[in-house]
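Got the viewer ready? Load the model, find the selection box, and take the stops below one at a time.

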Amino acid sequence: MSSCSGDGSATEAVCKPHISGTLEATGVLQVGKDIIMALNLKNGASVNMVLEVSTNVSSIMYTGASENEIMSKTQSIILGSNEERTIPIRISYSQYEKSLTDGNMFKVSTVCEDNQEGRLLIERSFTLDNPPIIIEVNGQTKVGKPVTVDILFVNPLNEDVSDCELVMEGSGLVEDQLIRKVPSLKPNQRSKFQVEITPYRSGSRQLVVDFSSDKIKNAKGYLLIDVAPDDSEE
């Protein structure tokens with residue numbers, strides 16, 4: 001059963017459900033991979049419960065505002081007395097690939113309504129990781145001395161990515177933002193891009209590399225670089 005309370009007015013009585021639940025990710029949360037989640041429900045009542053479970057998945061902005069609906073599904077289940085059950089939720093890449101915002105954020109909302117007028121809302125927000133970027137410096141870094149930087153990236157998707165662009169920046173390492181157009185990548189292709197930089201300040205400096213394409217947005221890599229002073233500073 002569900003316990004209900006009301007104030008005697010025309011407003012709908014509020015019913016506290018005897019079911020409880022959680023949402024959790026059970027797979028890798030990365031762009032290009034299927035999203036695998038689990039809805040864990042428990043019936044705390046001494047009687048069976050018939051539940052209508054409605055699940056909605058939407059991409060969201062940094063503010064939490066919904067942007068695009070990815071999936072909507074309703075199903076009925078029966079939970080026995082004190083029974084616990086896990087309901088899998090799977091969202092394929094093809095379902096969400098065109099709906100993600102720049103922040104790769106999405107929200108899962110599940111409403112569970114029982115046959116005793118109880119209602120349970122479970123919500124969680126998640127962020128998908130972009131594929132990693134590996135940065136390697138070839139040789140010693142010294143003020144005023146050009147050095148080559150290798151940028152390694154793997155296209156994790158089972159499809160081509162095009163309109164690829166690298167953006168590099170870092171105080172003391174790059175005077176102005178460096179922008180490089182790079183070739184399209186085949187499915188699961190591993191690529192290495194080379195860029196030359198000339199450090200202009202000594203000390204510990206951070207290089208930031210941003211990779212974007214038509215399907216992957218703002219994948220970032222970071223590397224701390226110790227820059228030696230030039231001869232005049234020694």
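Start by selecting Phe-106, which is buried at a relative accessible area of 1% (buried means under 20%, exposed over 50%, partly exposed in between, with a 1.4 Å probe and protein chains only). Before you go on, a word on what you are looking at: this is a predicted model, where local features need pLDDT of at least 70, side-chain atom pairs count only at pLDDT 80 or more, and totals for chains, interfaces and linings use all residues. Residues are numbered from 1 along each chain as its sequence is written, and side-chain values use heavy atoms, with hydrogens and water left out.

**Stop one: a pair of rings**

Keep Phe-106 on screen. The structure has three aromatic pairs (rings of Phe, Tyr and Trp, the last by its six-membered ring, with centres within 6.5 Å; planes under 30 degrees apart count as stacked, over 60 as edge-to-face, the rest as tilted). Add Phe-126: the two ring centres are 5.5 Å apart and the planes sit at 20 degrees, so this pair is stacked. The pair links distant parts of the chain, with Phe-106 in strand E8 (residues 105-114) and Phe-126 in strand E9 (residues 119-127), 20 residues apart. Strands here are DSSP runs of at least two residues, and helices (H or I) runs of at least four, numbered from the N terminus. Is Phe-126 buried or exposed? Phe-126 is buried, at a relative accessible area of 5%.

**Stop two: Leu-41 and its strand**

Next, pick Leu-41. Along with Phe-106, Ile-151, Met-168, Leu-207 and Phe-211, Leu-41 touches the most other members of the largest nonpolar core, which has 56 residues. Such a core is a set of buried Ala, Val, Leu, Ile, Met, Phe, Trp, Tyr and Cys residues joined through side-chain atoms within 4.5 Å.

Now show strand E4 (residues 35-43): seven of its nine residues are buried, so E4 is largely enclosed by the rest of the structure. Strand E3 (residues 19-25) runs antiparallel to E4 and is joined to it by seven bridges (strands pair if DSSP finds at least two bridges between them). Gly-21 has Leu-41 as its bridge partner in E4. Bring up strand E7 (residues 84-91) too, since E4 and E7 pair in the antiparallel sense over eight bridges. Which residue of E7 is the bridge partner of Leu-41? Select Arg-85 to see that partner.

**Stop three: Val-53**

One of the residues Leu-41 touches is Val-53 (contact means heavy atoms within 4.5 Å). Val-53 lies in strand E5 (residues 49-60) and is buried, with a relative accessible area of 1%. Add Thr-74: it comes 21 residues away from Val-53 in sequence, yet the C-alpha atoms are 5.5 Å apart. Other residues that Val-53 touches include Lys-73, Ile-77 and Cys-112.

**Stop four: an open sheet**

Move on to four strands that form an open, antiparallel sheet in the order E13-E12-E15-E16. Strand E13 (178-182) and strand E16 (219-227) stand at the edges with a single partner strand each, so one side of each has no neighbour in the sheet. Strand E12 (residues 164-169) is joined to E13 by five bridges, and Cys-164 has Val-182 as its bridge partner in E13.

**Last stop: zoom out**

Show the whole protein chain: one helix and 16 strands. Its C-alpha trace spans about 85 × 35 × 30 Å along the principal axes. Of its 234 residues, 42% count as buried.

Definitions and conventions. Lists of a residue's contacts leave out its neighbours within four places in sequence.
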